[in-house]
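Let's walk through this one with a few questions and answers. Have the sequence and the 3D view handy.

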Amino acid sequence: MDTLSFQPPIIAHRGASAYAPENTLIAFVKAAQLGIRWIECDVMQAACGEAIIFHDETLDRTTNGKGYVERYPYTYLQSLDAGSWFDPIFSGERIPTLRALLEFLQNTAMHANIEIKALPGQEDALVKIVAKEIMTHFGERANNILFSSFSVAALYALRRYLPHCQIGLLLHEWEADWEKTYDSLHCVSLHINHEIIFSDIAHQLKKDNKIVLCYTVNDPARATELYSFGVDAVFSDAPDRILMI
Ligand code: G3P
Ligand code: MG
């Protein structure tokens with residue numbers, strides 16, 4: 001498998017989410033228009049089993065719906081307005097399916113970090129659905145896809161259903177046994193909360209040949225500092241701000 005490359009070294013977090021409603025196709029298009037090659041998005045499951053691109057457990061913040069996402073089939077979810085909360089000019093935006101995202105990647109040659117957001121106990125079911133979609137569109141050795149999750153159970157399910165896929169370990173805090181998990185899953189990257197990374201740790205991670213990605217960085221000065229530590233790329237809501245440095 002080819003080594004992943006992040007050029008420019010920026011991943012549009014939930015798309016270019018400072019400029020368009022997060023996790024919608026228009027946010028991914030906006031990232032491409034800004035000259036970004038990688039987008040990050042969150043994947044969860046609708047009640048009917050459809051894999052959808054969405055961040056929160058509830059609909060309230062980013063749609064005109066209410067309640068838990070998992071309770072609704074996609075036939076209902078696709079009727080919701082996922083854009084107006086951000087700005088009325090985005091009122092036609094819908095919650096995308098994973099399938100629509102994969103078609104977007106095919107049409108644009110963009111790359112994606114797909115973050116699995118499975119509810120506890122549903123990791124296996126969600127990953128099984130995701131794996132089926134990936135196999136249909138790209139085959140499991142897809143170099144344009146990097147998976148990640150805070151859920152170690154979801155990552156093990158990925159290893160089971162897509163044995164050759166690229167996996168990144170996502171860490172909000174340093175966990176005692178993170179390196180053991182990283183090795184046993186054959187991860188290729190570490191996706192770290194930028195607030196817990198310092199020069200010495202970053203240099204050690206690079207010495208160990210790990211790809212280091214930091215979230216969420218909207219301050220160009222902090223991005224410059226992280227790059228000087230050897231960090232490979234940063235997740236940003238405003239990728240153009242980081243692109244300017
Ligand atoms: O994958 C990096 C970042 O997206 C993790 O946090 O809550 O924005 O999905 P969150
Ligand atoms: Mg995410």
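What follows is a short round of questions on a predicted model, covering its metal site, its salt bridges and a charged patch.

Q: Which protein residues are the donors of the magnesium ion (ligand 2)?
A: Look for side-chain oxygens lying 2.0 to 2.2 Å from the ion. Along the chain, the donors follow the spacing E-x1-D-x72-E. That pattern goes with Glu40 (OE), Asp42 (OD) and Glu115 (OE).

Q: How many residues apart in sequence are the parts that Glu40 and Glu115 tie together?
A: Both residues are donors of the magnesium ion, and both are buried. Glu40 sits in strand β2 (residues 38-45) and Glu115 in strand β4 (residues 111-116), so the pair links parts of the chain separated by 75 residues.

Q: Is Asp42 buried or exposed?
A: The cut-off for buried is under 20% relative accessible area. Asp42 comes out at 1%, so this residue counts as buried.

Q: Which residue meets Asp42 in a salt bridge?
A: The N to O distance in this salt bridge is 3.8 Å. Asp42 belongs to strand β2, while its partner is in the loop between β4 and α4 (123-137), so the contact ties together parts 75 residues apart in sequence. The partner is Lys117.

Q: What is the distance between the closest N and O atoms of Arg61 and Glu22?
A: Arg61 is in the loop between β3 (51-53) and α2 (74-77), and Glu22 is in the loop between β1 (10-13) and α1 (25-33), so their salt bridge connects parts 39 residues apart in sequence. Arg61 is partly exposed at 37% relative accessible area, whereas Glu22 is buried at 10%. Their closest N and O atoms are 2.7 Å apart.

Q: Which residues do salt bridges that share partners join into one network with Arg61?
A: Arg61 pairs with Glu22, and the side chains of Asp56 and Arg61 meet in a salt bridge as well (2.8 Å, N to O). Asp56 is buried, with a relative accessible area of 16%. Joined with Arg61 in one network are Arg14, Glu22 and Asp56.

Q: How many salt bridges does the structure hold?
A: The Asp42 and Lys117 pair is one of them, and the Asp56 and Arg61 pair is another. The total for the structure is 11.

Q: Which residues gather in a patch of negative charge on the surface?
A: One of them lies in the loop between β6 (167-171) and α6 (178-184), namely Glu173. At 47% relative accessibility, Glu173 counts as partly exposed. The patch is made up of Glu173, Glu175, Asp177 and Glu195.

Definitions and conventions. Residues numbered from 1 in each chain as written. Chains lettered and ligands numbered in written order. Predicted model: local features only at pLDDT ≥ 70, side-chain atom pairs only at ≥ 80, totals over all residues. Heavy atoms only, no water. Donors = N, O, S within 2.8 Å, 3.2 Å for Na, K, Ca; no water. Helix = DSSP H or I, 4+ residues; strand = E, 2+ residues; numbered from the N terminus. Buried < 20%, exposed > 50% of the residue type's maximum accessible area, 1.4 Å probe, protein only. Patch = residues over 30% accessible without salt bridge, like charges linked within 9 Å, V, L, I, M, F, W, Y side chains within 5 Å. Areas by Shrake-Rupley, 256 points an atom, 1.4 Å probe, with all protein chains shown as cover. Salt bridge = Lys/Arg side-chain N within 4 Å of Asp/Glu carboxyl O. Lys, Arg positive; Asp, Glu negative; His and termini not counted. Charge placed at Lys NZ, Arg CZ, Asp CG, Glu CD.
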